Amino acid sequence: MLKEKINARQLFSLIVLFELGTALVLPIGFVAHRDVWLSILLALIGGILLFLIYDQIVRQYPESTFVGSIRQIMGTYAGSLIGFLYLGFFIHNDARVLRETGELLVTSAYDMTPLFVICAFFMLTVVYVVSKGVEVLARTGEIYLLHVLILGGGGTILILCSGIVHVENLLPVMEDGAGKVLESAYRYILMFPFGEMICFAAILPSLNRTSSGRKAGILALIASGTILSAAHAIEVSILGSNIYGRSTFPLFLAVSKINIMDFIQRMDGLVILTLIITSFFKCAINCYAAITVAADLFRVREPMKLAMPVGLVVLFNSMMTSNDWPEFALKGKVVIMGILLPVYSIAIPVGLLAVHWIRRSIGSKSV
Amino acid sequence: MRTRSASSLMLIGLLLIPLTGCWNSRELRDLSIIGAIGIDKLPDKPGYKVSFQIINPSAVAMTGNGGGGSQAGMPVTVYTGTGSSIFEVIRKTSRLSPRQLFFSHIRLIVIGETLASEDLSHLFDFFERSHEVRLTTKLVVSRGSSAEQLLQVLTPLERIPSDAVYGKLESTESIWSESMVTGVDDVINRLIGPGKQLLISGVRILGDQDKGGEKANLDKTKLPAEIEIKGIALFKNGRLETWLDGGKARGALRIQDKMKSSVVTVPCKDHDDPAAIAAIEITRSRTKVKATVVDGEPAFRVYVREEGNVGEVSCAVDLSKKEAIEELEQRWRSKTKQEIREAIEAAQSRSSDVYGFGEVLNRSYPRTWKKLEDRWSEVFADCEIEVHVESFIRRSGMRTKPYIKE
């Protein structure tokens, strides 16, 4: 089952693209406003810790899949139950990513096109790539990381050259006190986007050299955290914290203000392209995690045959999850960041690791 | 293998279909490109009168033909509609316009003076929410005429009037620095808090307003109606309070560190001959505003450092002598100080902090700002603001002593 292997560089690209995902374009600093860049850096530390926890769990059972490891720690029945919980979570998270991307595209560009059409086409490509296996996905990720870095680097150069950055907008730092910054970091940003790394627990077993995987993962998190922090700092300094906090797509607004010599204008295409690429990988990785977990639970011999059914379920789930954007955003804040992510990305993994250590120490004592 | 190539061909065919993006396609022939929007108050009921200056691309393209361009028609057309919301009027105007109005290229938003005198803070939500309208669109207030009339005036050198006004605005901000360029996002950021109120440049029609829209307006060398950028409107909480003109307007730009270049005229010599002046061209000007808090009361210091060249004199002052230069610097300094003082006085007398002193306080002393934020307008009116100016004349052009003999 784990015949495919990905190397450390591919893991790096996948993690960076995943973390940039939709977090790059959404105003994740809706609590901290000006200090969002600080919150991201603080949450990064927590994110690295979480990643180490997931890596540790997977490392204990190098020959098993994620579900397999859970089964070995908790026993077959409890393990399968937890596996089912994760299956539901991964599918719903994937549906949320899909819906988010579709809504952003509709709001900014495709306003006459039905949401279902955009999501369906998006999901079709995701399913196609994922059905080829994780190796293909990882190789695609390597290539697209380069694309995103070029787009991002080019966009940043244009922004800096057009004189629209006003660093004063970032001052005063922590005007509402450090409390808001910490709350924003650990209640919200740690969950989204860093908590969603739990999907990588399903990919980590496919690493060929587990030792460099850990280093690559940490480096990737630091890189993506720094990029996110810088991007949001630039957004706030261009738009001002008020407009930033109230917009649905602040990166789009920031880039649309680029005006160099009245010639280079309206570089919106850059942002939409970045959004599509990074969301694609976030969606694909979530989808892959869902597929492997399902294949494990239902003892399917060829996991990739499940790609299309899971894709369909995700598509319809994304349509049905909310009636409108405000409801969707509220669900994200209250349900996902408030309940689901803390449980699935912090509580259960910490619990698993704890049970594992307790069992091992009891086991060694009894011997 | 045949089935494989057949199915892949079919797949390629199927994939080509969504590439056309049909659902959201808008043909260029179906779009009216708007250059500028004008918003006026309705005289008798609530709601707006919105005018659209639509660019006629075929007329603009025929740039070479001066007199022969009459076949292509006017470079712009103005349609007007009324309604209770701007979005509503835009769609309603489809009853007049042969094509759908397209906003992505909009350069200018003109607000009528009567509307600005009432309240313009509610106007901008549409421009924020729409993904077509850019945040870089510039705003002006039409002075002495309605926005609708302003949009109708044709301009000689630049065929599209909205481009002409845009060009005038940018150009005068950089070389005369008595007007400022304000974008929509600027306005929104300034409408939010008392820490920085609104300033918008004014535009007026010089000459005969009714003749502005006629083709005959362009057939003369000196036009009967012309658009001029004049003055800056000072707002308090979204309502136009007064106009800043001349030195006050320049002072206003200086305080915000927006002075790029200008010409300052100072008296040449000690005698009171008003014709004896020296004109100094400002080449560089930097302003820093610093806040201090004394016994819980805020005070500000404005530091201005400017450099310039002597560009013209009409008396026999010997510019090769250091003392003459120093004297001129002294007079320049006092004139700059006076302009800035007048600008501050205009804002303080109206209790409207248009220069962002509140924001400066927030950045350096956030806790004091929090205490004073709610009544900042009153606190600002009594604040002590010191002005320190340093002026340096560096050069005098291609000559030293003037040819004028006393």
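Two strands pair if DSSP finds at least two bridges between them, and strands themselves are DSSP runs (E, at least two residues), as helices are (H or I, at least four), numbered from the N terminus. Everything below comes from a predicted model, where local features need pLDDT of at least 70, side-chain atom pairs count only at pLDDT 80 or more, and totals for chains, interfaces and linings use all residues. Residues are numbered from 1 along each chain as its sequence is written, while chains are lettered from A and ligands numbered from 1 in the order in which they are written.

**View 1. Strand β2 of chain B and its two neighbours.** B:Tyr48 of β2(B) stands opposite B:Gly83 in β3(B). Eight bridges hook β2(B) up to β3(B) (residues 76–83), and the two run antiparallel. On β1(B) (residues 31–41), another antiparallel partner, there are seven bridges to β2(B); one pairs B:Gly38 with B:Ser51. β1(B) and β2(B) make a hairpin with six residues between them, and B:Gly47 in the turn has a positive phi of about 130 degrees.

**View 2. Both faces of β2(B).** Is this strand mostly covered, or mostly open? Covered: eight of the eight residues in β2(B) (48–55) are buried, where buried takes 20 or more other C-beta atoms within 10 Å of a residue's own, exposed takes 12 or fewer, partly exposed is in between, and C-beta atoms are placed from the backbone. In a regular strand the side chains alternate between the two faces of the sheet. Here B:Tyr48, B:Val50, B:Phe52 and B:Ile54 point one way, and B:Lys49, B:Ser51, B:Gln53 and B:Ile55 point the other.

**View 3. Chain B and its two domains.** Chain B carries 13 helices and 14 strands, and 41% of its 406 residues count as buried. The domain assignment (bounds from an automatic or database source) gives domain 1 (29–244) and domain 2 (246–406). Their C-alpha centres sit 32 Å apart. Domain 1 puts 22 residues into the contact and domain 2 puts in 25, with contact meaning C-beta atoms, placed from the backbone, within 7 Å. On the domain 1 side, α7 (161–175), β9 (225–236) and β10 (239–244) each supply at least two residues, and β9(B) gives the most, with five.

**View 4. Helix α11 of chain A and the largest nonpolar core.** A nonpolar core is a set of buried Ala, Val, Leu, Ile, Met, Phe, Trp, Tyr and Cys residues joined through C-beta atoms within 7 Å. Among the 220 residues of the largest one, A:Ala284 and A:Tyr288 touch the most other members. Helix α11 of chain A (residues 268–297) provides the largest share, 16 residues. Leaving aside residues up to four places away in sequence, A:Ala284 touches A:Val126, A:Val129, A:Val130 and A:Leu137. The helix is mostly covered, with 24 of its 30 residues buried. Its end C-alpha atoms are 43 Å apart, which agrees with the 44 Å that 30 residues should span (1.5 Å times one less than the number of residues). Just past the helix, A:Arg299 takes a positive phi of about 50 degrees.

**View 5. Where chain A meets chain B.** Chain A brings 21 residues to the contact and chain B brings 14. On the chain A side, α4 (76–108), α5 (115–131), α9 (241–246) and α10 (250–256) give two or more residues.

Methods. Two residues are in contact if their C-beta atoms, placed from the backbone, lie within 7 Å.
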